[in-house]
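Here is a short briefing on one protein model. Keep the sequence and the 3D view side by side as you read.

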Amino acid sequence: MELLLNKYINPSLEHGAFLYVDAKQSALKMIETSHNTDPILATGAFHSSPIPSILEIANTSPLDLRRIQNSILQKARRVQNNIVWNLENTNQTHPTQDRKS
């Protein structure tokens, strides 16, 4: 069950998650409904069961928290890539600097 959710369903829902930051609440609600239905089906729980308990049983975090986590990771990767790019470009010497006058 956990393998099914984490390997197949969640990645398809999280694809392009950084775009969801500016999305309308109605669009996010549709995605969240789908996200909440999958653990219900995978665990065999009743539809009247509370969503937080079903997500806990399925070992899945709520979609809004996953969205925040993914956006933080995306920003951290951008900062890291920017630092690496700056270090690589500042350590290179310009061809005109190596010439002797």
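pLDDT is the predictor's confidence in each residue, on a scale from 0 to 100. You need it here because this is a predicted model. Helix α1 (residues 2-14) has the lowest mean pLDDT among the elements, at 64. Helix α3 (residues 51-57) has the highest, at 87.

**Overall picture**
- The average pLDDT of the protein is 76. A score of at least 70 is reached by 69% of the residues.
- The secondary structure consists of 4 helices and 0 strands. Read from the N terminus, the order of elements is α-α-α-α.
- The protein has 101 residues, and 22% of them are buried.
- About 7900 Å² of the protein is exposed. Carbon and sulfur atoms supply 58% of that area.
- Take the contacts between residues at least 6 apart in sequence. Of these, 58% join residues at least 24 apart.

**Helix α2**
- Helix α2 covers residues 25-43, which is 19 residues.
- What span should α2 have at 1.5 Å a residue, and what does the model show? The expected span is 27 Å, and the end C-alpha atoms are 27 Å apart, so the two agree.
- The buried residues of α2 are L28, I31, H35, N36, D38, P39 and I40.
- An α-helix has 3.6 residues a turn, so residues three or four places apart point the same way.
- G44 follows α2. The phi of G44 is positive, near 80 degrees.

**The loop between α3 and α4**
- N59 sits in this loop.
- N59 is not a glycine, yet its phi is positive, about 60 degrees.
- Is N59 buried, exposed or partly exposed? The relative accessible area of N59 is 48%, so N59 is partly exposed: that class lies between 20% and 50%.

**Helix α4 and its link to α2**
- L63 belongs to helix α4, which covers residues 63-91.
- Why does L63 count as buried? Its relative accessibility is 5%, and buried means under 20%, so L63 qualifies.
- Which residues does L63 touch, leaving aside neighbours within four places in sequence? The contacts of L63 are I31, E32 and H35. Two of these partners, I31 and H35, are on the list of buried residues of α2.
- N36 is also on that list. In sequence, L63 and N36 are 27 residues apart. In space, their C-alpha atoms are 8.6 Å apart.

**A surface patch**
- L65 is another residue found in helix α4.
- L65, I68 and I72 form a nonpolar patch on the surface. Together these residues have about 300 Å² of accessible area.

Conventions: Residues numbered from 1 in each chain as written. Predicted model: local features only at pLDDT ≥ 70, side-chain atom pairs only at ≥ 80, totals over all residues. Heavy atoms only, no water. Helix = DSSP H or I, 4+ residues; strand = E, 2+ residues; numbered from the N terminus. Expected span 1.5 Å × (residues − 1). Buried < 20%, exposed > 50% of the residue type's maximum accessible area, 1.4 Å probe, protein only. Contact = heavy atoms within 4.5 Å. Patch = residues over 30% accessible without salt bridge, like charges linked within 9 Å, V, L, I, M, F, W, Y side chains within 5 Å. Areas by Shrake-Rupley, 256 points an atom, 1.4 Å probe, with all protein chains shown as cover. Salt bridge = Lys/Arg side-chain N within 4 Å of Asp/Glu carboxyl O.
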